[in-house]
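Hi,

Here is the structure I promised to pass on. Have a look at it first, then read my notes below.

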Amino acid sequence: MANGNHREISVIMCAYTQERWLDLQQAIESINDQTIQPNEVILVIDHNPELLKAAQATFRGVNVIENSGVKGLSAARNSGLARSTGEIVAFIDEDAIADANWLETLLHSYDDPGVMGVGGEVRPMWGATPPAWFPEEYNWVVGCSYKGLPTTTSPVRNPIGCNMSFRRNAIDCAGGFRIGIGRIGKIPLGCEETELAIRIRQLAPDSIYLFNPKAAVYHKVPQWRTRWTYFVSRCYAEGRSKALVTLFVGANDGLSSERRYVVHTLSQAVIDDLKRPGLREKAVGVTRAFAILTGLFLTTLGYVVGVLSNRKIEKTQGLDSLSASLGHDCGSSPTMIGR
């Protein structure tokens, strides 16, 4: 139904495994408990007939559909977009729980017609206490907000996929999420929302994406995602993902936030950790600093390997073999966003 801000908002959620059935139920319940109800909730099942059947039988008032594209989160989100009708389209993961005022807070930020999208804070719900070596600056490894993000409502380059929203006309104009980027099942790739937000900004250079920490969701982090093996694999995969992003949007835009993150956030974190007082705290600081530097090395390595791999494929097969071309001639005016 229409909300109090006279804007219709669609909520899209994607799921692929029965292992998160309880999480999925709780996520949908949190949407049903919003202070402002969306005009529709769309649940996209990613190539899992058994889960599709169970969801269609269980979730009344939810539009449960199949991913009509190739397997993966990008195509699943595009399938949801194709069926949605809201002026604003919000996305939340199936293993997250939204604050009761999540949608209401997101919608308030759209009063500015130059805002192309709004995202919020993703707070971790740890399945087990994270190990002492795990740095807050790397909470992005587990899909959550990390130390270094703004603490007040501020423009950012891109959202975190677990908690994001866009104006429909902006996302439609850009052509949706790019196939070939993003998570497929448990393969720890990502950055499809980064590439999309940058692409929208390139179409409308004066538009902004807002980060509003008060529009919060809680993301469940199972214990296995706090293990060192996942940490290193996720950092490497992030580098590979960033290589794809820069292939399509350019290194200047594709790495702008990462440069600031490394120069300001990570460097300061290493200095602070190595300066910790006391023997026990210093030992923790050394392990955290080691994790920060290892993560940076592996992400950089993944990026370099990804760039070389992309160049080889592009040379032998062409750019279209990496991903379908996207985007439309919408012009460069910011009014395209706020219309």
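Strand β1 covers residues 9-15, and seven of its seven residues are buried. Keep in mind that this is a predicted model. Side chains in a regular strand alternate between the two faces of the sheet. In β1, one side carries Ile9, Val11, Met13 and Ala15, the other has Ser10, Ile12 and Cys14, and both faces are covered.

Who are the neighbours of β1? It runs parallel to strand β4 (residues 88-92), joined by four bridges, and Val11 has Ala90 as its bridge partner there. Strand β2 (residues 40-45) is also paired with β1 in the parallel sense, over six bridges; in that pairing Ser10 is matched with Glu40. Put helix α1 (residues 21-32) together with β1 and β2 and you get a right-handed β-α-β unit.

Now for the inside. Nonpolar side chains tend to be buried together in soluble globular proteins. The largest nonpolar core here has 56 residues, and those touching the most other members are Leu43, Ile92, Trp102, Tyr138, Val141 and Phe231. Apart from that core lies another one of 24 residues, including Cys14 and Met116. Back to Tyr138: leaving aside neighbours within four places in sequence, its contacts are Phe231, Cys235, Tyr261, Leu266, Ile292, Gly295 and Leu296.

One last thing, about the cysteines. How many disulfides does a search of the whole structure find? Zero. Cys14 is buried at a relative accessible area of 10%, and Cys191 is buried too, at 4%.

Cheers

Terms used. Residues numbered from 1 in each chain as written. Predicted model: local features only at pLDDT ≥ 70, side-chain atom pairs only at ≥ 80, totals over all residues. Heavy atoms only, no water. Disulfide = S-S within 2.5 Å. Buried < 20%, exposed > 50% of the residue type's maximum accessible area, 1.4 Å probe, protein only. Core = buried A, V, L, I, M, F, W, Y, C linked by side-chain atoms within 4.5 Å. Contact = heavy atoms within 4.5 Å. Helix = DSSP H or I, 4+ residues; strand = E, 2+ residues; numbered from the N terminus. Pairing = 2+ DSSP bridges. Right-handed = clockwise from strand over helix to strand, strands pointing away.
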